[in-house]
2 protein chains.
Amino acid sequence: MTPQPNPERRSERARRAVLDAVFEVARAKGYGKTTIEAIAATAGVGKPTVYRWWPSKGAIALDAVNDRIGDSMDFPDTGDIVADLTAQLTAVAAMLTGDIGALYRGIIAEAQSDPDLAAALRATFLEPRIRRCVGRLDTAVAAGQLRADLPTRTMVDILYAPVYYRILLGAGPEETLRSPLLVETVLEGLRPS
Amino acid sequence: MTPQPNPERRSERARRAVLDAVFEVARAKGYGKTTIEAIAATAGVGKPTVYRWWPSKGAIALDAVNDRIGDSMDFPDTGDIVADLTAQLTAVAAMLTGDIGALYRGIIAEAQSDPDLAAALRATFLEPRIRRCVGRLDTAVAAGQLRADLPTRTMVDILYAPVYYRILLGAGPEETLRSPLLVETVLEGLRPS
């Protein structure tokens, strides 16, 4: 039996090829010099195909990062908030210094002058993750492990900010490795009194 | 007496005109769409003059931001570290949401793909300010107002990170205004035990 051509499957294959291509091109040229042309060529699809699905390079990169991370950064719940936060923030810091991080830094950079990309970054990437983190912190507040007088949403900001700050302002991996100490310190401010 | 032409003074006038022009063009078009051409035209100087002094748009913007801020963000020392940190961080947050902030966000964005600009940002802008902050924190540690078991350099990261995080990842001015609560919370983790 000859397989019937399946346009949906072909589309999905092209989509995956583009998402892989943005990593490949960025690794070779740096994200700043990555172009839609190069992404399309590497993926073996036409530029119109790319533009049919994504409005910009940043939008492709955001999709690629979201897809690659999936739920691998999800919040563990071992019952011990200090261990869980340390594990999760260490994973985020490691992610931000690798291939995914190079793309992610590029997306944040472009978002500074592209409001649509900034909105997509918040809606599809940050907000779902922040909500999951808030959920984990709420559990810890309910268990008396964290202070109850500060919105857990604000706690998320305090916890994640140093990781972003170091990556975006040029502190290298060496600094990032100190993040467990950071977490401990920040957590002292979040303990119930 | 007819004033003699003074090349040095003329140079300084042109330099100032360029530094003012980058603010003016960015205000009108947004930093992302600001070009060296537009900056030169607005400043009334030739493009070669601009390139003689600065290698890139980001380098002009960095110079302009540094010049505009001057020592206005310097660290107060009233003897009360909580009051001083709150005052200084509130000033930084306000600065980052205005005209200077728009340029500064653009510089950080470009620095993600321009290593020379990233190095200049650290050397001419961040490091001198971090050193002054470390100096103020060292005084507070010596006075027993802050814990002595954490490098003051790490404290700087923890304190400033949330401000950058909110600005770069799209939390608006409303969020930024909560920074005093942030400072208080973070400081609880920095108190001597």
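This passage walks through a predicted model of two chains, from the overall fold down to single residues.

Chain A is an all-in-helices affair: the model shows 10 helices and zero strands. Read from the N terminus, the elements go α-α-α-α-α-α-α-α-α-α. Its C-alpha atoms take up a box of roughly 65 × 45 × 30 Å along the principal axes. Chain A has 193 residues, and 37% of them count as buried. As for how the chain folds back on itself, 64% of the contacts between residues at least 6 apart in sequence link residues at least 24 apart.

The domain assignment splits chain A into domain 1, covering 7-53, and domain 2, covering 67-190. Between the C-alpha centres of these two domains of chain A there are 28 Å. Where the two touch, domain 1 of chain A puts in seven residues and domain 2 of chain A puts in five. On the domain 1 side of that contact in chain A, five residues are nonpolar, one is polar and one is charged.

Now for the pair. Chain B drops onto chain A after a rotation of 180° with 0.0 Å of shift along the axis, and the RMSD is 0.0 Å. That is the relation of a two-fold axis. Both copies use the same surface, since 100% of the contact residues of chain B turn up again in chain A. In numbers, 31 residues of chain B and 32 residues of chain A make up the contact. On the chain B side, the elements giving two or more residues are α6 (99-111), α7 (115-142), α8 (152-168) and α10 (179-190). Of these, α8(B) gives the most, with 10 residues. The chain B side of the contact breaks down into 16 nonpolar, nine polar and six charged residues.

Then there is the nonpolar core. In soluble globular proteins, nonpolar side chains tend to be buried together. Here the largest nonpolar core holds 106 residues, and the ones touching the most other members are V22(A), L103(A), I107(A), V22(B), L103(B) and I107(B). To take one of them, I107(A) touches G58(A), A61(A), L62(A), V65(A), L117(A) and L121(A), leaving aside residues up to four places away in sequence.

Helix α2 of chain A, residues 36-43, is worth a look of its own. Which of its residues are buried? They are I39(A), A40(A) and A43(A). Looking down the axis of α2(A), these buried residues fall within an arc of 95°, so they line one face of the helix. The buried residues of α2(A) pack against α1 (7-29), α3 (47-53) and α4 (57-69) of chain A. Just past the end of α2(A) comes G44(A), which takes a positive phi of about 70°.

Last up is T97(A), which sits in helix α5 of chain A, residues 81-97. Is T97(A) buried, exposed or partly exposed? There are 17 other C-beta atoms within 10 Å of T97(A). A buried residue would need 20 or more and an exposed one 12 or fewer, so T97(A) comes out as partly exposed. T97(A) and I167(A) are 70 residues apart along the chain, yet their C-alpha atoms are separated by 7.4 Å.

Notes
Residues are numbered from 1 along each chain as its sequence is written. Chains are lettered from A and ligands numbered from 1 in the order in which they are written. This is a predicted model: local features need pLDDT of at least 70, side-chain atom pairs count only at pLDDT 80 or more; totals for chains, interfaces and linings use all residues. Copies are superposed by least squares on the C-alpha atoms of residues with pLDDT of at least 70 in both. Helices (H or I, at least four residues) and strands (E, at least two) are DSSP runs, numbered from the N terminus. Ala, Val, Leu, Ile, Met, Phe, Trp, Tyr, Cys and Pro count as nonpolar, Asp, Glu, Lys and Arg as charged, and the others, Gly among them, as polar. Domain bounds come from an automatic or database domain assignment. A nonpolar core is a set of buried Ala, Val, Leu, Ile, Met, Phe, Trp, Tyr and Cys residues joined through C-beta atoms within 7 Å. The arc is that of the directions from the helix axis to the C-beta atoms.
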